[in-house]
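Hi,

Here is the structure I promised to pass on. Have a look, and my notes follow below.

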2 protein chains.
Amino acid sequence: MLELYHWEPNAASARVMIALKEKGLEFRSRYVEVLAFEQFAPGFLALNPAGQTPVLVHDGEAFTEASFICEYLDEAFPERPLLPQAPLDRWAARAWQKYVDDHLAAAASDLAWAALGRPALKARNWASLEQAVASIQPKERRDQWQAAIRGLDDEELERARERIRLAVARIEADLEGRDWLAPGGYSLADVAVYPYANYLPSVTPELLGERTRAWLGRMSNRPAVKAAETMARTADAYGIAAPGPEHIRWG
Amino acid sequence: MLELYHWEPNAASARVMIALKEKGLEFRSRYVEVLAFEQFAPGFLALNPAGQTPVLVHDGEAFTEASFICEYLDEAFPERPLLPQAPLDRWAARAWQKYVDDHLAAAASDLAWAALGRPALKARNWASLEQAVASIQPKERRDQWQAAIRGLDDEELERARERIRLAVARIEADLEGRDWLAPGGYSLADVAVYPYANYLPSVTPELLGERTRAWLGRMSNRPAVKAAETMARTADAYGIAAPGPEHIRWG
């Protein structure tokens with residue numbers, strides 16, 4: 001009934017995996033090996049022409065975009081809701097999801113890519129890499145991968161760090177006097193932020209705040225988060241043999 | 001009770017103005033003159049540190065991001081709903097909103113800026129412009145404005161046209177056999193796309209499809225769209241004295 005095409009339980013894939021586990025929904029896992037570019041295989045592009053994980057398939061319909069897959073799950077399966085009740089609080093949870101989509105995801109991914117992803121890819125299959133990347137469609141995604149393989153320069157990395165500073169300030173502000181990011185309790189806001197904030201103890205520990213650290217601890221203790229984490233195929237999401245510090249186990 | 005800080009009824013401001021009118025909600029209009037950079041005045045930055053219109057204020061709370069202001073209005077005032085009932089159809093409407101946020105808005109705005117906005121700004125206050133722009137905070141927005149003032153090069157314009165081609169193909173596909181973009185009837189998808197698609201008859205008429213033209217006609221005949229349009233201060237949103245073709249009257 002429910003199938004999820006996903007990579008390791010990190011980034012956008014993790015958001016939907018955690019949401020499914022939080023709601024107690026059974027689903028068939030379809031693993032897409034992003035570092036082998038399986039997301040650009042014709043079969044996957046037929047599901048999502050943008051060539052991006054995750055994709056949820058429900059009753060033959062394919063759903064893309066993690067924020068809106070999560071909202072769909074919350075509406076199609078209303079038990080164990082993951083959005084607050086009050087319209088104001090629902091806006092706050094959605095605004096967090098959008099902030100993740102527009103700012104936090106790219107910044108955290110840039111830093112994690114530089115520290116972990118690019119070295120892992122280079123170790124894995126660098127020889128045939130340029131050829132594999134050259135065939136990626138659409139062109140916009142090919143350009144992104146070619147830039148990723150070249151690597152970020154210092155100015156780009158500093159820009160990513162500056163965005164992380166702003167994101168952490170926002171997390172710290174929203175955790176003042178409460179345990180979860182949106183007013184009204186645990187929500188899709190926490191689900192959206194966690195897979196990216198979870199990189200930070202490894203890649204920019206100096207930028208973390210105390211509330212953010214405590215919240216990361218609460219998140220990683222949730223049974224749903226642990227259940228998503230057990231779906232990792234490799235020691236961490238980038239296939240590096242030796243696991244890093246605890247928080248990066250699948251980051 | 002409801003206050004809307006907005007520019008002319010175009011782009012993101014138009015989305016919320018149309019949604020308010022569709023729902024029959026009274027609101028106090030607070031005009032922000034974007035080409036005079038009033039969105040970077042301290043009073044406005046206190047409402048939205050990103051320095052972007054529109055902002056909705058309801059019972060003392062400030063709401064940003066057009067997609068989520070519209071969803072908030074639809075939940076806080078459930079009469080005359082602007083999202084379909086079925087979860088699948090709701091996902092489709094939200095996916096359209098995200099597509100506008102991530103792709104169509106920038107592409108259409110780039111083309112409209114090159115054709116209309118930049119000349120209008122240049123005619124208005126070019127002399128003191130660089131000084132005004134130099135004081136914009138945050139830096140990221142200042143960089144954007146400085147790039148806008150320099151103008152787009154041919155490659156950037158062609159990239160915008162390519163994105164418009166893809167957007168029109170998506171509009172044409174979703175209008176096959178129905179009048180509105182999302183299954184389930186008129187929705188926030190139409191509200192989101194209209195202010196950007198409405199530029200196209202003026203700036204890239206060669207890229208329009210037949211269904212898109214017919215849909216633009218249906219949209220512009222809606223009383224709510226007409227009501228939003230009457231809130232324009234100038235002949236069009238860029239303050240050009242002579243109005244262009246009908247579709248660009250406030251585009």
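Chain A superposes on chain B after a 180° rotation with 0.0 Å of shift along the axis, at an RMSD of 0.0 Å (a least-squares fit on C-alpha atoms of residues with pLDDT of at least 70 in both copies). The two copies are thus related as by a two-fold rotation axis. Within chain A, the residue that comes closest to that axis is A:Asp102, its C-alpha at 4.3 Å.

Bear in mind that this is a predicted model: local features need pLDDT of at least 70 and side-chain atom pairs 80 or more, while totals for chains, interfaces and linings use all residues. Residues count from 1 along each chain as its sequence is written, with chains lettered from A and ligands numbered from 1 in the order written.

On to the interface. 15 residues of chain A are in contact with 15 of chain B (contact means C-beta atoms, placed from the backbone, within 7 Å). On the chain A side, strand 4 (61–63), helix 3 (66–76) and helix 4 (87–125) each supply at least two residues, and helix 4 gives the most, with 7. (Helices are DSSP runs of H or I of at least four residues, strands runs of E of at least two, numbered from the N terminus.) 100% of chain A's interface residues are also interface residues in chain B, so the copies meet through the same surface.

One last thing, from chain B: beyond its neighbours within four places in sequence, B:Val193 is in contact with B:Trp96, B:Val100, B:Leu104, B:Ile171 and B:Leu181.

Cheers

Methods: Contact = placed C-beta atoms within 7 Å.
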